[in-house]
Amino acid sequence: MANPRMTVTDIAWNAVFLLLFLPLLFSSIFGIFLTYFMWMGPTTAGQGLWMIFGVVLDVLGVLLAVLIALALFGLLTRRFLSQQDYARWMLQYQNSPFQSSFLGSSWRRIFFKIVRPRNE
């Protein structure tokens with residue numbers, strides 16, 4: 001079966017997710033860098049173990065931003081996403097090469113469980 005084309009509503013949903021995700025991402029990264037440099041000071045900020053600590057904080061901040069944005073996006077889609085859009089998203093994902101990997105299949109289960117419309 002052919003992959004369905006994206007519609008205007010799909011593009012709008014992508015924009016909503018980005019509007020939720022990007023401010024959280026930038027604020028978490030900025031907060032981590034600010035905390036890191038204020039706490040460590042300029043002399044220890046680039047040295048060995050402290051650098052690894054900063055990277056770990058950055059990764060955790062990005063993961064937290066993704067989870068919060070996905071939770072907010074899930075609340076919106078449960079209320080406002082139509083069954084047709086949800087079915088099209090499932091079909092688009094099933095026809096993508098990303099779904100064959102372990103990470104892709106794990107992401108699919110989590111994502112489609114969160115964004116499933118309430119009236120399904």
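**View 1. A65 is a buried residue, with a relative accessible area of 2%.** The model shown here and in the other views is predicted. A65 counts as buried because its 2% lies under the 20% cut-off for relative accessible area. The residue belongs to helix α2, which covers residues 48–80. Leaving out residues up to four places away in sequence, A65 touches F21, L24, L25 and S28. L20 serves as a reference point for distance: its C-alpha atom is 9.1 Å from that of A65, and the two residues are 45 apart along the chain.

**View 2. D10 and R88 form a salt bridge between their side chains.** The N to O distance in this pair is 2.9 Å. The salt bridge links distant parts of the chain, with D10 in helix α1 (residues 8–44) and R88 in helix α3 (residues 83–94), 78 residues apart. D10 has a relative accessibility of 2% and therefore counts as buried. R88 is also buried, at a relative accessible area of 15%. Side chains of opposite charge can pair when their charged atoms come close.

**View 3. R88 also forms a salt bridge with D85.** Here the closest N and O atoms are 2.3 Å apart. Both residues lie in helix α3, where three residues, about one turn of the helix, separate R88 from D85. D85 is buried, as is R88. Through shared partners, the salt bridges join D10, D85 and R88 into one network. The structure holds two salt bridges in total.

**View 4. The side chain of Q92 reaches the backbone oxygen of P4.** The distance for this approach is 3.2 Å. Q92 is located in helix α3. With a relative accessibility of 17%, Q92 is under the 20% cut-off and so counts as buried. When neighbours within four places in sequence are set aside, the residues in contact with Q92 are N3, P4, R5, M6 and D10. One of these, D10, is the residue whose side chain meets that of R88 in the salt bridge of View 2.

How values were computed
Residues are numbered from 1 along each chain as its sequence is written. This is a predicted model: local features need pLDDT of at least 70, side-chain atom pairs count only at pLDDT 80 or more; totals for chains, interfaces and linings use all residues. Side-chain values use heavy atoms; hydrogens and water are left out. A salt bridge is a side-chain nitrogen of Lys or Arg within 4 Å of a carboxyl oxygen of Asp or Glu. Helices (H or I, at least four residues) and strands (E, at least two) are DSSP runs, numbered from the N terminus. Buried means under 20% relative accessible area, exposed over 50%, partly exposed in between (1.4 Å probe, protein chains only). A polar contact is a pair of N or O atoms within 3.5 Å; within protein, one must be able to donate a hydrogen and the other to accept it, and residues adjacent in sequence count only if both atoms are side-chain atoms. Contact means heavy atoms within 4.5 Å.
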